[in-house]
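Student: Could we go through this structure together, starting with the ligand surroundings and then moving on to packing and backbone details?

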Amino acid sequence: MVAAAVTLLSGCQRVSFDPRPTADIAPERLFMFTAVQAPAPATGLSAMRVDLGRRLFYDTHLSVNNSVSCDTCHKLTAYGVDPGKSVSTGHDKKPGGRNSPTVYNAGLQFVQFWDGRAATLAEQAAGPMMNPVEMGMPSPEAVVAYLHSTPDYKKQFQQAYPGARDPVVMDNVTDAIADFESGLITPARWDQYLQGDTNALSNEEKRGLRVFLRSGCASCHAGKGLGGNSYQKLGAYRDWPDRTTDLGRMAVTHNPADLLYFKVPLLRNVTETGPWFHDGRVKTIDEAVRLMERYQTGRRLSENDVRSIVAFLGSLKGEIPQQYIQPPSAKAPPIRTALTPGTSRQQLALVDLNPSKEGQ
Ligand code: HEC
Ligand code: HEC
């Protein structure tokens, strides 16, 4: 008993203070984090919904002048953001107020949007289509009318939502988009580490993990996504200078106590999703870490520490699921009648791409 306790104690110290860059932190001590896996390929009805959601995600006709799709601001080939843009611009090129967060791993979060005003991916998906500075559609009816007027869409909805008298309804639109988005998971070397492969991280990254833990970053950035589990005050340690431009959660709840509370963003792929912060004003990942140090933790980080944390954040960069995100060909939308359970996502994507070669 005593021996075990001592080991545990010295073990704890090792987690927090041992500066040796090569000392591993045993994955089982990293209980505040959870690994993710690539989701199993959808089959049957859910595969049809995923296909439909993918098509809707890429469809510019869901915007008022056919110029913008979800992919415009959440480019799936670019880690789900509009790279380099501080804030998004919508159908009329007018800037919105906030930086576009990534759609990769978004489904891991407890709520959606920087201020959490949508509870689920499906609830979120209705927002941009009717948002005047995003896709600018006049009404849900206008979206549904477009889909109704496109015969192969109708067929695809009927197949994905059989039994309904009229399956082309907004609830199914957002449901299908959410099903597609739920598959946008990007496992990374970090997950291999958590699952026991301590060689998956370089020494510099391991040092970064150590500094990350020591600095208290994990008190807000933990769980599956290293974020997305809570609202936290921007300026938790020291007042954030800009207290009026974006009120954060207070704009939703109207409770002054929520001023500058934001949903803690995910850190998966964060090295790829700049510029950073809700307003995209932070141009480098080093600066983002420095601001966290100053305003969220109050710990002093050396240049070396910042470099190591950034290296560690790099280990959270996952693989883009290239097959899964293949846009359906505009000429030959993926309509399938027979889907055998167990058809792999790769096979499905090939079917999408080469409908003529499928031979069905
Ligand atoms: C004009 C650019 C633009 C378009 C088009 C757009 N989005 Fe977004 N999206 C944003 C911005 C900006 C935010 C953050 C807004 C906020 O938090 O207030 C956002 C937030 C999100 C989120 C929440 C992510 C998170 O971490 O909180 C998801 C999911 C999402 N969008 C999916 C979609 C889908 C699905 C579509 C198409 C139906 C779409 N977006 C169209 C810019 C856009
Ligand atoms: C008290 C909670 C808290 C702590 C501690 C904290 N963060 Fe954050 N972090 C946040 C919040 C909230 C945001 C969103 C800020 C915004 O956009 O306005 C954020 C944003 C970030 C971003 C930018 C993400 C993006 O997509 O724009 C990075 C990178 C980051 N944190 C890393 C860290 C690191 C590294 C540490 C430790 C030094 C840390 N954080 C400590 C709450 C915290």
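Student: Which helix gives the largest share of the shell around ligand 1?
Tutor: In this predicted model, the largest share comes from α4, with four residues. The helices α3 (70-73), α4 (121-130) and α7 (170-182) each supply at least two residues of that shell.

Student: How many residues surround ligand 1, and which are the closest?
Tutor: Ligand 1 is surrounded by 27 residues, and the closest are Cys70, Cys73, His74, Phe113 and Lys263. By class, the shell around ligand 1 divides into twelve nonpolar, ten polar and five charged residues.

Student: Which oxygen contacts does ligand 1 have with glutamine 109 and tryptophan 114?
Tutor: An N or O atom in the side chain of glutamine 109 is 2.8 Å from an oxygen atom of ligand 1. With tryptophan 114 the partner is a polar backbone atom, 2.8 Å from an oxygen atom of the ligand. A nitrogen atom of ligand 1 also has a partner, since a polar side-chain atom of glutamine 124 lies 3.1 Å from such an atom.

Student: Now ligand 2. Which residues come nearest there?
Tutor: The shell around ligand 2 has 21 residues, of which Cys217, Cys220, His221, His278 and Met292 come nearest. Helix α11 gives the most to this shell, with four residues.

Student: How does the shell around ligand 2 divide into nonpolar, polar and charged residues?
Tutor: The shell around ligand 2 has 14 nonpolar residues, seven polar residues and no charged ones.

Student: Where do the two histidines, 221 and 278, meet ligand 2?
Tutor: An N or O atom in the side chain of histidine 221 is 2.9 Å from a nitrogen atom of ligand 2. For histidine 278, a polar side-chain atom lies 2.5 Å from an oxygen atom of the ligand. In addition, a polar backbone atom of phenylalanine 277 is 2.7 Å from an oxygen atom of ligand 2.

Student: Back to α7. Which of its residues are buried?
Tutor: The buried residues of α7 are Met170, Asn172, Val173, Thr174, Ala176, Ile177, Ala178, Phe180 and Glu181. They pack against α2 (44-58), α4, α5 (140-148) and α6 (151-160).

Student: What span should α7 have at 1.5 Å a residue?
Tutor: The 13 residues of α7 should span 18 Å, and the end C-alpha atoms are 18 Å apart, so the two values agree.

Student: Next, the nonpolar packing. Which residues touch the most other members of the largest core?
Tutor: The largest nonpolar core has 39 residues, and those touching the most other members are Leu30, Phe33, Trp190, Phe212, Phe312 and Leu313. Two or more residues of this core come from each of α8 (189-194), α9 (203-214), α11 (285-297) and α12 (303-314). There is also a second, separate core of 22 residues, which includes Leu52, Val143, Ala160 and Ala176.

Student: What does leucine 30 touch?
Tutor: Leaving aside residues up to four places away in sequence, leucine 30 touches Ile25, Trp190, Tyr193, Leu194, Leu209 and Leu213. In soluble globular proteins, nonpolar side chains tend to be buried together.

Student: Is serine 230 buried or exposed?
Tutor: Serine 230 has a relative accessible area of 18%, so it counts as buried, the limit being under 20%. Its place is in the loop between α9 and β1 (231-233).

Student: What are the contacts of serine 230?
Tutor: The side chain of serine 230 makes a polar contact of 3.2 Å with the side chain of glutamine 232. Beyond four places in sequence, serine 230 touches Phe110, Phe262, Lys263 and Val264.

Student: Lastly, the backbone. Where is the cis peptide bond?
Tutor: The cis bond joins glycine 274 and proline 275, with omega about -5°. Proline 275 is found in the loop between β2 (261-263) and α11.

Student: What is the phi of tyrosine 79, and of lysine 93?
Tutor: Tyrosine 79 has a positive phi of about 60° although it is not a glycine, and lysine 93, also not a glycine, has a positive phi of about 65°. Most residues other than glycine have a negative phi. Tyrosine 79 lies in the loop between α3 and α4, and lysine 93 lies in the loop between α3 and α4 as well.

Student: Which of them is buried and which exposed?
Tutor: Tyrosine 79 counts as buried at 11% relative accessibility, whereas lysine 93 is exposed with a relative accessible area of 63%.

Technical notes:
Residues are numbered from 1 along each chain as its sequence is written. Chains are lettered from A and ligands numbered from 1 in the order in which they are written. This is a predicted model: local features need pLDDT of at least 70, side-chain atom pairs count only at pLDDT 80 or more; totals for chains, interfaces and linings use all residues. Side-chain values use heavy atoms; hydrogens and water are left out. A nonpolar core is a set of buried Ala, Val, Leu, Ile, Met, Phe, Trp, Tyr and Cys residues joined through side-chain atoms within 4.5 Å. Buried means under 20% relative accessible area, exposed over 50%, partly exposed in between (1.4 Å probe, protein chains only). Contact means heavy atoms within 4.5 Å. A residue is near a molecule or strand if one of its heavy atoms lies within 4 Å of it. A polar contact is a pair of N or O atoms within 3.5 Å; within protein, one must be able to donate a hydrogen and the other to accept it, and residues adjacent in sequence count only if both atoms are side-chain atoms. Ala, Val, Leu, Ile, Met, Phe, Trp, Tyr, Cys and Pro count as nonpolar, Asp, Glu, Lys and Arg as charged, and the others, Gly among them, as polar. The expected span of a helix is 1.5 Å times one less than its number of residues.
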